[in-house]
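Colleague: Before we look at the model, could you show me how to read the pockets of a protein, beginning with the general idea and then turning to the case at hand?

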Amino acid sequence: MPHQQKIVYGKLVRDRIPEIITADGQIPRVRVLDDPDLLPALIAKLHEEAEEVATAEPDARLGELADVREVLAALTIASGFTELEVEEAAASKRAERGGFTQRLWLDEVLIP
């Protein structure tokens with residue numbers, strides 16, 4: 001029997017990744033996550049994608065931001081919310097605490 005190489009990933013992937021791997025002549029081993037496992041997997045994926053945004057070259061940043069948006073959309077649904085509810089919550093927080101348009105960096109707070 002020929003020697004097979006194995007690469008272990010242990011992470012959530014996009015729906016078509018197994019199909020793409022198969023088309024490349026490789027054999028993916030996948031499973032469908034149960035509800036209790038989905039939320040932690042999506043949160044881990046969000047961390048992974050956020051790190052990729054942070055380290056992306058400027059010309060690759062758009063694609064990485066698109067990945068973050070896709071994970072956020074799945075996380076929204078898995079958390080039992082709608083996109084509208086999240087947008088309304090964001091608008092509420094923006095009205096109460098502001099956004100990030102002024103680019104403010106808090107160095108310190110002095111307490112008299």
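Modeller: The lining is a good place to start, with the caution that this is a predicted model. The largest pocket is lined by 38 residues, and those that lie nearest its centre are Lys11, Val13, Ile17, Arg29 and Val30.

Colleague: What is the general idea behind finding such space, and what volume does the largest pocket have?

Modeller: Rolling a probe the size of a water molecule over the atoms shows where empty space is left. Here the largest pocket has a volume of about 1800 Å³.

Colleague: Which helices supply at least two residues of the lining of the largest pocket, and how is that lining divided by class?

Modeller: At least two lining residues come from each of α1 (17–23), α2 (35–55) and α3 (61–78), and α2 gives the largest share, with 7 residues. By class, the lining of the largest pocket holds 21 nonpolar residues, together with 12 charged and 5 polar ones.

Colleague: How much space lies in the second largest pocket, and which residues line it?

Modeller: The second largest pocket contains about 310 Å³ of space, and its lining is made up of Arg69, Leu72, Ala73, Leu75, Thr76, Ser79, Phe81, Glu83, Val86 and Glu87. Two or more of these residues come from each of α3 and α4 (83–97), with α3 providing the largest share, 5 residues.

Colleague: And how do the residues of that second lining divide by class?

Modeller: The lining of the second largest pocket divides into 5 nonpolar, 3 charged and 2 polar residues.

Notes: Residues are numbered from 1 along each chain as its sequence is written. This is a predicted model: local features need pLDDT of at least 70, side-chain atom pairs count only at pLDDT 80 or more; totals for chains, interfaces and linings use all residues. Side-chain values use heavy atoms; hydrogens and water are left out. On a 1 Å grid over the protein atoms alone, a cavity is a set of points where a 1.4 Å probe fits but cannot get out, and a pocket is an open set with protein on both sides within 12 Å along at least five of seven lines; lining residues have an atom within 4 Å of a point. Grid points are joined across faces, edges and corners, and a volume is the space filled by probe spheres set on the points. Helices (H or I, at least four residues) and strands (E, at least two) are DSSP runs, numbered from the N terminus. Ala, Val, Leu, Ile, Met, Phe, Trp, Tyr, Cys and Pro count as nonpolar, Asp, Glu, Lys and Arg as charged, and the others, Gly among them, as polar.
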